[in-house]
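Hi everyone, thanks for making time for this. I'd like to walk you through one structure, bit by bit, so get comfortable and have a look at the screen.

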Amino acid sequence: MWNYSFVLPNFIALSTFLVFYFTRPRLPIKLNKSFLKILFIEMAVLTIDVASSAALESGKSIPHVFLRIINVLFFALFIMRAAMFFMFTLDIMKIRNGMKAAHQLALLGIAIVCEAIALANMFFDTIFSISETGAYAKCFLYNAIYVCSFFYIFASIAALFANRSRVPDGFFLNSCAFNIVLLIGTLMRIVFPKFLIMDSFCLLSIVIICLSFENSAIYVEPRSGLFNKKALRDILSELSGKRCRLILGFVLNNYGELREIYSGTQMDRGIALIGQFLAKSYPSLISFYLLNGRFAIIGKKEADAGRLMEEIGERFKKPWNAGAEVDISVDITFVQVKPEMRIDCPEKITNGLFAAMNSVRTIGSGNVVVDEESIARIDSSTEIKRAVVHAVESNAVELFLQPLFGTRTGKIEGAEALARIRAADGSLISPTAFIPIAEKNGRITMLGEQMFEKTCAFIRNHDIAAMGISWINVNLSPIQFLRRDLNERFSAILEKYGVEAKLIHLEITEESMIDYALLQKQIQLMRNTGFQFVLDDYGSGYSNVTRLRKCPFVNVKLDMELVRDYYASRDDTIPTFVQMFKKMNFSVTAEGIENEEMARALTEIGCDYLQGFHFSAPIPAEEFAARYTPER
Ligand code: C2E
Ligand code: MG
Ligand code: MG
């Protein structure tokens with residue numbers, strides 16, 4: 001006698017899952033497709049299990065060949081199910097992405113052999129036999145089905161442990177759990193062969209999968225009902241090595257302002273309406289809402305991007321009715337990934353798309369195309385971002401020094417500290433590339449402090465007076481300069497190294513002069529500690545001479561461009577500036593002196609110090625010390 005008591009609830013639960021699966025938005029990625037296969041196979045196994053057991057019970061009354069077919073079918077599906085759970089486990093780790101078909105087939109080797117054994121049962125008694133009287137018995141290869149089941153369960157668990165880093169965060173235990181439930185189910189089947197209980201365990205595995213991986217919150221953005229950023233990344237990662245048929249983004253122009261003009265609730269309603277429009281108009285394409293007014297559409301097959309842009313653009317000419325007689329009118333800008341581009345590195349495409357969409361928000365003009373060139377640009381900025389974080393966190397910002405020559409003495413009198421960091425391949429990155437990034441990601445304060453500390457260490461460890469140096473200039477970014485605790489922090493470092501403040505001149509730029517009152521307060525406070533201030537890059541910004549007069553600088557550095565202009569045209573504006581600064585009691589430095597003639601020209605108009613490649617490029621601090629320390 002077979003025991004069917006578990007079957008009905010299993011049917012109900014499985015049917016519910018199927019209904020859920022088809023009524024909720026589902027992302028066409030391998031993982032979801034594998035899950036759907038599991039659902040179908042499980043449904044079939046359940047049906048055939050009941051049918052074959054019932055048929056065997058009816059015994060003689062059923063044609064012999066039918067009994068054989070239905071039992072063969074059952075075992076074939078049973079084996080397939082074990083292999084499908086294994087494939088699903090691999091898909092969690094994205095192991096099958098980009099894998100050759102032959103390799104995928106090889107993974108199914110054991111299942112294929114077992115399927116052959118099961119199908120052979122149509123003609124030979126391999127797994128089971130059915131006598132003329134309808135009596136069912138196991139045969140010598142019956143255990144093949146267990147070998148197959150155990151093989152794939154253990155292979156799944158081994159794969160999970162071996163590729164733990166590829167399992168999405170927080171899903172490792174769940175992934176092991178559903179495989180262990182399968183293992184218990186298989187053991188139960190061996191112990192209680194007459195109970196149709198294994199299906200209950202498979203169902204429990206399905207429940208675990210459903211709650212962990214098929215939870216629509218993972219991939220769906222609730223306001224728009226469209227897929228989210230993670231969905232976009234996951235789907236693109238599966239397109240690796242293929243061409244992007246259609247990747248189109250669009251941005252709601254001035255989204256931040258729109259949220260201010262319309263209330264947040266109305267704007268959210270607007271987003272929902274746009275989401276509905278996209279889902280309804282393009283059911284065969286996949287639409288995403290990437291937050292902050294950014295949408296994307298992906299087509300796995302060929303689609304006419306031009307037509308799409310036209311249609312969507314047309315719809316946006318009309319307002320979106322956000323209820324309570326509120327009409328939201330919004331312009332959009334398209335960002336299209338060049339269709340000929342191959343997706344070699346999906347992450348780069350996603351980053352390219354995001355960077356382009358973000359640039360639209362700042363530029364807000366014309367449609368943008370993401371191509372190899374723009375991706376390479378972002379790539380290098382990503383590398384710089386990484387290098388900044390690494391250098392700052394591992395105290396690896398390097399101190400380079402460039403000498404400042406006195407025009408009266410014709411000798412080195414000071415130096416400027418310039419920061420350098422290294423890319424992963426060891427090459428140097430220019431501060432013009434990494435300083436703006438460090439300012440944006442908040443590392444500039446730590447970076448600047450490291451430079452200050454390394455300069456102090458240099459002063460302590462070397463006899464700078466012997467080099468002829470009276471001070472070293474250290475650059476301060478406006479963000480760092482305006483910090484209230486700057487004086488305290490720098491004073492503590494001076495104390496740590498036993499260095500006098502007067503040996504360090506702090507360079508600030510005109511950008512720091514935006515908050516004039518704060519600037520004066522800060523300078524005054526730090527001058528009490530003994531620091532001196534230098535105005536860097538004079539002439540590169542909006543210089544306000546009246547304000548300058550009231551700032552107690554010791555030195556003003558003429559920007560390189562200004563120096564070049566003077567060298568080329570010799571007009572009298574620069575000499576006038578120099579005279580004016582001298583009247584204000586500032587000494588003057590000319591930057592970017594690249595040859596003898598420039599040095600002479602700027603000395604003649606009264607500059608006190610010269611800095612430039614003509615004397616020396618910035619060099620590593622130790623090399624600087626070796627070069628300028630006189631031999632005893
Ligand atoms: P800056 O403070 O105006 O530094 C002078 C820059 O001019 C340096 O560029 C130097 O290498 C370059 N230079 C010197 N002589 C010549 C020359 O004859 N010809 C040419 N073409 N260039 C010359 P560098 O080292 O690339 O630094 C660029 C900028 O990055 C600096 O301009 C400064 O604003 C910033 N920076 C460098 N280190 C730091 C730092 O530690 N903190 C902060 N906040 N900014 C820094
Ligand atoms: Mg400087
Ligand atoms: Mg400068």
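I'll start with the overall layout, then go to the metal ions, and finish with rings and cysteines.

Before anything else, keep in mind that this is a predicted model. Okay, layout. The chain is divided into domain 1, covering 7–215, domain 2, covering 220–370, and domain 3, covering 383–628. If you take the centres of domain 2 and domain 3 over their C-alpha atoms, 45 Å separate them.

Now, what does the UniProt record say about this chain? The unreviewed entry there lists "transmembrane region" at residues 6–23, 35–56, 68–93, 105–124, 144–162 and 171–192. Let's check two of those spans against the model. Residues 6–23 come out as 94% helix and 0% strand, with 26 Å between the end C-alpha atoms. Residues 35–56 are 100% helix and 0% strand, and there the end C-alpha atoms are 31 Å apart.

Right, on to the metals. Which residues coordinate the magnesium ion called ligand 2? You'll find Glu 416 (OE), Asn 475 (OD1), Glu 507 (OE) and Asp 536 (OD), at 2.0 to 2.3 Å. Along the sequence, those donor residues follow the spacing E-x58-N-x31-E-x28-D. Glu 416 sits in strand β11 and Asn 475 in strand β13 (residues 471–475), so this pair ties together parts that are 59 residues apart in sequence. Are these two buried or partly exposed? Glu 416 has 3% relative accessibility, so it counts as buried. Asn 475 is at 28%, so that one counts as partly exposed.

While we're on strand β11, which spans residues 412–422, Ile 412 belongs to it as well. Ile 412 is buried, with a relative accessible area of 11%. Its C-alpha atom is 9.1 Å from that of Tyr 609, although the two residues are 197 residues apart along the chain.

Next, the magnesium ion called ligand 3. Its protein donors are Asp 536 (OD), Asp 537 (OD) and Glu 591, where Glu 591 (OE) is listed twice, and they lie 2.0 to 2.4 Å from the ion. Here the spacing along the chain reads D-D-x53-E.

Did you catch the name that came up for both ions? Which residue bridges ligand 2 and ligand 3? That's Asp 536, and the two magnesium ions lie 3.9 Å apart. Asp 536 is at 5% relative accessibility, so it counts as buried. Next to it in the donor list, Asp 537 is partly exposed, with a relative accessible area of 23%.

Let's switch to aromatic rings. How many aromatic pairs does a search of the whole structure find? It turns up 39. Take Phe 86 and Tyr 152: their ring centres are 5.0 Å apart and their planes are at 40°, so we call the pair tilted. Phe 86 lies in helix α3 (residues 64–92) and Tyr 152 in helix α6 (residues 144–162), so the pair ties together parts that are 66 residues apart in sequence. Phe 86 is buried, with a relative accessible area of 6%, and Tyr 152 is buried too, at 1%.

Another tilted pair is Phe 581 with Phe 586, at 6.3 Å centre to centre and 40° between the planes. Phe 581 and Phe 586 are both buried.

There's also an aromatic cluster, and its members include Tyr 21, Phe 22, Phe 35, Phe 40 and Phe 213.

Rings can also have a charge sitting over them. The charged end of Lys 229 is over the ring of Phe 354, 5.1 Å from its centre. Likewise, the charged end of Arg 315 is over the ring of Trp 320, at 3.6 Å from the centre.

Last stop, cysteines. A quick reminder: a disulfide is a covalent bond between the sulfur atoms of two cysteines. So how many disulfides do we count here? The count comes to 0. Why is Cys 139 not bonded to Cys 114? Cys 114 has the closest cysteine sulfur, but that sulfur is 16 Å away, which is too far for a bond. Cys 176 is in no disulfide either, with its nearest cysteine sulfur, in Cys 202, 17 Å away. As for burial, Cys 139 counts as buried at 19% relative accessibility; the cut-off is under 20%. Cys 176 is buried as well, with a relative accessible area of 8%.

How values were computed
Residues are numbered from 1 along each chain as its sequence is written. Chains are lettered from A and ligands numbered from 1 in the order in which they are written. This is a predicted model: local features need pLDDT of at least 70, side-chain atom pairs count only at pLDDT 80 or more; totals for chains, interfaces and linings use all residues. Side-chain values use heavy atoms; hydrogens and water are left out. UniProt positions are given in the numbering used here, feature names are shortened, and annotations may be inferred rather than shown by experiment. Helices (H or I, at least four residues) and strands (E, at least two) are DSSP runs, numbered from the N terminus. Donors are N, O and S atoms within 2.8 Å of the metal (3.2 Å for Na, K and Ca); water is not among the atoms, so sites may look incomplete. Buried means under 20% relative accessible area, exposed over 50%, partly exposed in between (1.4 Å probe, protein chains only). A disulfide is a pair of cysteine sulfur atoms within 2.5 Å. Rings of Phe, Tyr and Trp (its six-membered ring) pair if their centres lie within 6.5 Å; planes under 30 degrees apart count as stacked, over 60 as edge-to-face and the rest as tilted. A charge sits over a ring if NZ of Lys or CZ of Arg is within 6 Å of the ring centre and within 35 degrees of the ring normal. Domain bounds come from an automatic or database domain assignment.
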